[in-house]
Amino acid sequence: MEFRGILKQYNAQDLKNKFNAVSAEKIKTIISKDKLESDDLLVLLSPQAEPYLELMAQKANQLTVQYFGKVIQLYTPLYLSNYCINSCAYCGFKAENSSQRKKLSLSEVKKEAEFISATGLKHILILTGDSRQMSPVSYIQQCVEILKDYFSSIAIETYALSQEEYAQLIRAGIDGVTIYQEVYDRAVYAKVHLNGPKKDYDFRLDAAQRALFAGIRTANVGVLLGLNNWREEVFFMAMHAGYLQEKFLSAEIGVSVPRIKPHLGDFADIIPVSDKNLTQIILALRIFLPRAGINLSTRETAKLRDDLLALGITRISAGSTTAVGGHTLNYEQNQDEQFQISDKRDVAQIKQMLQQKQYQPVLKDWLRW
Ligand code: SF4
């Protein structure tokens, strides 16, 4: 069954009823299981599991070391363009915001690449807003052709593409695709995606699968925490990742759970997700999806990122900026950021922190042939 069909088997009220029916005995049994079913994930995400976070943390830590060792992969984002024709209520780059717009020239892309690669990073995530006019696939391809001289792994986070367009960029040199559904509840999705191509829920939902059919090596799905009930949203995202893992056995599937951060604009309709909630989310994800990569963004504070490392995180960004050309353009040229970052440590500082905690920082674990 396609993932759309799986999603349709659930509704918010059923999930709420299942969350409320969880018993303490059930939580302990599930934590000790080797392989979890979807209903087990609901238990781990339930309010009743909150007193068992320490027990969940022990299991999550054991699984993380078992599947990944004590290694953390590092990467940094490179914003190519912030032109966007969508109106995502929660984003500083939405079309109607008066933020300055910028698209990197190819020589500016090269300058950013030289700066980032000098830090030792060999994995990069390139991002654009949604504007096929200002940042068409041909432009992304030109950027990839420059970047592949500097980086062994290039992932994209752009608007949803067709399978053939993903294949075109794979041929150019990308090996990863990050595409967040943002929110899986269709009604909330329609409410916060007011205009533009991103309104098409199903086209976005199927994007990771199209990239995997095109042959991408890694695919990363995610939810933007704060738009809807986080227990439901994380459940759907984990189901999505599990579906992709089972369907594409040779691919690496990762998940991300960024929380909404302040940005240019006036979106205030945010449902709070506490640090404790985020901890429960990471633990539940690791126990339900032991093979999945879990990213933790620089939206979170340095202290929280450091504290969550042992609980399931496999990948973190370093030296991040969410402004176009933010690595090398000077202050006057620098543009508005998509959202505020909290952890401003550079690559050397993140490496030092990892080594102090007896983790191995991995700057390269993939070679393009
Ligand atoms: S989230 Fe992406 S698509 Fe939506 S407004 Fe921001 S840049 Fe555009």
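Contact here means that heavy atoms lie within 4.5 Å. The structure is a predicted model, and the report below covers one buried aspartate, one helix pair and the surroundings of the ligand.

**Asp40**

Asp40 belongs to helix H4, which spans residues 38-44. With residues up to four places away in sequence not counted, Asp40 touches Ile30, Lys33 and Lys35. The relative accessible area of Asp40 is 8%; because buried means under 20% relative accessible area, Asp40 is buried. From Asp40 to Thr178 the separation is 138 residues in sequence and 27 Å in space, C-alpha to C-alpha.

**Helices H5 and H13**

Helix H5 (residues 53-68) packs with helix H13 (residues 275-288) at an angle of about 45°, and their axes are 9 Å apart. That angle makes H5 oblique to H13. The crossing of the two helices, H5 and H13, is left-handed. On the H5 side, the contact is made by Leu53, Met56, Ala57, Lys59, Ala60, Leu63, Thr64 and Phe68; H13 contributes Lys276, Gln280, Leu283, Ala284, Arg286 and Ile287. Nine residues of this contact are nonpolar, two are polar and three are charged.

**Ligand shell**

Nine residues surround the ligand, and of these Cys84, Asn86, Cys88, Cys91 and Lys94 come nearest. The class make-up of this shell is set beside that of the helix contact in the table.

| Group | Nonpolar | Polar | Charged |
|---|---|---|---|
| Contact of H5 with H13 | nine residues | two residues | three residues |
| Shell around the ligand | four residues | three residues | two residues |

Conventions:
Residues numbered from 1 in each chain as written. Predicted model: local features only at pLDDT ≥ 70, side-chain atom pairs only at ≥ 80, totals over all residues. Heavy atoms only, no water. Axes fitted to C-alpha atoms, helices over the stretch in contact; angles between N-to-C directions. Helix = DSSP H or I, 4+ residues; strand = E, 2+ residues; numbered from the N terminus. Parallel < 35°, antiparallel > 145°, perpendicular 65-115°, else oblique. Left-handed = near helix turned anticlockwise from the far one by under 90°. Nonpolar A, V, L, I, M, F, W, Y, C, P; charged D, E, K, R; others polar. Near = heavy atom within 4 Å. Buried < 20%, exposed > 50% of the residue type's maximum accessible area, 1.4 Å probe, protein only.
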